[in-house]
Structures are given as C-alpha cells and as structure tokens.
Amino acid sequence: MLGVIGGFRDGHVFTAPVGSYVANGLGVHDLGGNVWEWCEDKHPVVSVARVLRGGSWDVDGREYLASSFRYGFSPAGHRPYDYGFRCVLEQ
C-alpha cells in the first residue's frame with residue numbers, strides 16, 4: 001500500500017498541514033514525508049536532473065525519508081502532485 005510504512009498512519013489522506021509535527025533541534029518542521037522537495041543541486045549521475053529530497057506521502061520505503069537520499073528528476077515540464085519546494089525565511 002502506498003504511503004504506509006510498517007503500518008504507521010499519520011491520520012492524513014495526502015499531505016499534512018505545515019507545522020503538524022514537532023520541529024527538529026534546529027527549529028525546522030516537516031523535513032521528511034510530506035512532499036519531495038526540489039533542491040538546487042544537480043543529480044550526480046543524471047546531469048539534466050535536479051535533486052529531490054525528503055520522500056513524500058506517496059512512498060512506502062523508510063530509506064526515501066532519509067535526508068541523505070537523493071532522488072533525481074528533470075524539472076522541465078513536470079508538476080507531480082507529490083513534489084514541492086520549501087520557502088525559507090532567514091532571520
């Protein structure tokens with residue numbers, strides 16, 4: 001079943017509202033599992049691809065949620081339902 005890791009369910013059908021979970025030690029919320037996040041980095045193997053990190057609600061492997069996991073995809077003309085980006089406000 002998509003989006004189910006070891007029987008765990010977060011109570012949301014698709015994405016969870018921002019800030020639904022406790023922030024990490026740096027005060028950052030929701031780094032893994034909501035949507036794949038586009039990064040500026042180019043994928044190390046496929047040069048036309050950009051890096052996506054964080055997994056999404058639509059994957060069921062724990063390894064995809066690791067911050068070290070890099071998924072590569074070309075952003076040209078694609079708007080998948082489980083890809084997004086993070087807005088950052090530096091203070």
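**A pocket, two cysteines and an aspartate**

The second largest pocket has a volume of about 280 Å³. A pocket here is an open set of points on a 1 Å grid over the protein atoms alone, where a 1.4 Å probe fits, with protein on both sides within 12 Å along at least five of seven lines. Volume is the space filled by probe spheres set on the points, which are joined across faces, edges and corners.

This is a predicted model: local features need pLDDT of at least 70, side-chain atom pairs count only at pLDDT 80 or more, and totals for chains, interfaces and linings use all residues. Residues are numbered from 1 along each chain as its sequence is written, and side-chain values use heavy atoms, without hydrogens and water.

Lining residues have an atom within 4 Å of a point. Among them are V18, H29, D30, F85, R86 and C87. The lining divides into six nonpolar, three polar and three charged residues.

C87 leads to the cysteines. The structure holds zero disulfides, a disulfide being a pair of cysteine sulfur atoms within 2.5 Å. Why is C87 not bonded to C39? The closest cysteine sulfur to that of C87 is in C39, 13 Å away, which is too far for a bond. C87 is exposed (over 50% relative accessible area, 1.4 Å probe, protein chains only), at 66%. C39 is partly exposed (between 20% and 50%), at 23%.

D58 sits in the loop between β2 (50-53) and α1 (62-65). Strands (E, at least two residues) and helices (H or I, at least four) are DSSP runs, numbered from the N terminus. D58 counts as buried (under 20%), with 12% relative accessibility. Its side chain joins that of Y81 in a polar contact of 2.4 Å. Such a contact is a pair of N or O atoms within 3.5 Å; within protein, one must be able to donate a hydrogen and the other to accept it, and residues adjacent in sequence count only if both atoms are side-chain atoms.

Definitions and conventions. Nonpolar A, V, L, I, M, F, W, Y, C, P; charged D, E, K, R; others polar.
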